[in-house]
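User: I have a model open in my viewer and would like to understand the labels attached to it. Could you walk me through the reasoning?

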Amino acid sequence: MTIRRATVGDADAIRRIAGDSWEADYPSILSRESVESGVEEWYDPARVRGAVEADDELLYVAERGEDTTADAADAEEIVGFAHGVVDGNAGAGHVLRLYVHPDARGEGRGRRLLERVRDDLFDRGVDRIHATVLRENEPGNEFYRSFGFERTGEAETTIGGEAYPETNYTLRRTR
């Protein structure tokens, strides 16, 4: 498996992974219309390009790479991504998104993506990293808790014009 910085050419793969993940993870939480609207808004190619080019954003992809079950044609298939951002004024970083395609889960790709974003955010001087997860997404909530993130509150996000409760998490840098 390879974790690398995303390029503008990865936009379609990022959209595909987000859409497939949302459909698999949120079938009883988000309507199909909300999934389509959210993916269209959050993963618009111009937004992905902006994240790739911004100095304060970190966008990484996971490639199937060394997976010995993959044939040569899909050896570099993108199967996950993570998007972090630095808020230098607040001394904080944010994990905005982290998804691994449902067919590529269970092999540590999500953990490797989160470790890369975490390490790079801390290397950029942040002292804490925030993440949010839809409240009803228990596997996502458990993922951040297992990584040492502590629950710090609740908020709402809007997807496709509908409000959804989410849980806020924080990971503090230990020196």
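Analyst: Happy to! Let's start with H83, which has 13% relative accessibility. Buried means under 20%, so H83 counts as buried. Please keep in mind that this is a predicted model.

User: Where does H83 lie, and what is it in contact with?

Analyst: H83 lies in strand β3. Leaving aside its neighbours within four places in sequence, H83 is in contact with A51, E57, L58, L59, H94, V95, L96 and R97.

User: And why is P45 called partly exposed?

Analyst: The value for P45 is 34% relative accessibility. Buried needs under 20% and exposed needs over 50%, so P45 counts as partly exposed. P45 has its place in helix α3, and it touches A11 and R15, not counting residues up to four places away in sequence. P45 and G80 are 35 residues apart in sequence, and their C-alpha atoms are 17 Å apart in space.

User: Is E166 buried or exposed, and how do you know?

Analyst: E166 has 12% relative accessibility. That value is set against the cut-off of under 20% for buried, and therefore E166 counts as buried. E166 is found in strand β7. Beyond four places in sequence, its contacts include T132, V133, L134 and R135, and also G153, E154, A155, E156 and T157. E166 and N137 are 29 residues apart along the chain, with 8.8 Å between their C-alpha atoms.

User: What makes β2 a mostly covered strand?

Analyst: In β2, 7 of its 7 residues are buried. Both faces are covered: E57, L59, V61 and E63 are buried on one side, and L58, Y60 and A62 are buried on the other. There is a general pattern behind such a split: in a regular strand the side chains alternate between the two faces of the sheet.

User: How do you know that β2 pairs with β1 and with β3?

Analyst: Two strands pair if there are at least two bridges between them. β1 and β2 have 4 bridges, in the antiparallel sense, and 7 bridges join β2 to β3, again antiparallel. Therefore both count as pairs by that cut-off. As examples, T2 has E63 in β2 as its bridge partner, and Y60 stands opposite A82 in β3.

User: Which order do the strands of the sheet take, and what makes β1 and β6 edge strands?

Analyst: The sheet is open and has 7 strands in the order β1-β2-β3-β4-β5-β7-β6, with mixed pairing. β1 (2-5) and β6 (150-159) are the edge strands, as each pairs on one side only. On average, neighbouring strands of this sheet are turned by 25 degrees against each other, direction ignored.

User: How many bridges join β5 to β7?

Analyst: There are 7 bridges between β5 (residues 128-134) and β7 (residues 162-172), which run antiparallel. With at least two bridges needed for a pair, β5 and β7 therefore count as paired. One of the bridges links R128 with R172 in β7.

User: Which helices lie across these strands?

Analyst: Helix α2 (residues 32-42) lies across β4, β6 and β7, and runs at about 100 degrees to β6. Helix α5 (residues 138-146) lies across β4, β5 and β7, at about 160 degrees to β5.

User: What lines the largest pocket?

Analyst: The largest pocket holds about 710 Å³ of space. Of its 32 lining residues, the closest to the centre are L98, Y99, N137, G140 and Y144. β4 gives the most to the lining, with 7 residues. The lining divides into 16 nonpolar, 9 polar and 7 charged residues.

User: And what lines the second largest pocket?

Analyst: Here the space is about 190 Å³. The lining residues include I14, W42, Y43, R47 and V48, and H83 is also one of them. α3 gives the most to this lining, with 3 residues. The lining divides into 8 nonpolar, 1 polar and 3 charged residues. So H83, which counts as buried at 13% relative accessibility, also lines the second largest pocket.

Technical notes. Residues numbered from 1 in each chain as written. Predicted model: local features only at pLDDT ≥ 70, side-chain atom pairs only at ≥ 80, totals over all residues. Heavy atoms only, no water. Helix = DSSP H or I, 4+ residues; strand = E, 2+ residues; numbered from the N terminus. Axes fitted to C-alpha atoms, helices over the stretch in contact; angles between N-to-C directions. Contact = heavy atoms within 4.5 Å. 1 Å grid on protein atoms, 1.4 Å probe; cavity = no way out; pocket = protein on both sides within 12 Å on 5 of 7 lines; lining within 4 Å. Points joined across faces, edges and corners; volume = space filled by probe spheres on them. Nonpolar A, V, L, I, M, F, W, Y, C, P; charged D, E, K, R; others polar. Buried < 20%, exposed > 50% of the residue type's maximum accessible area, 1.4 Å probe, protein only.
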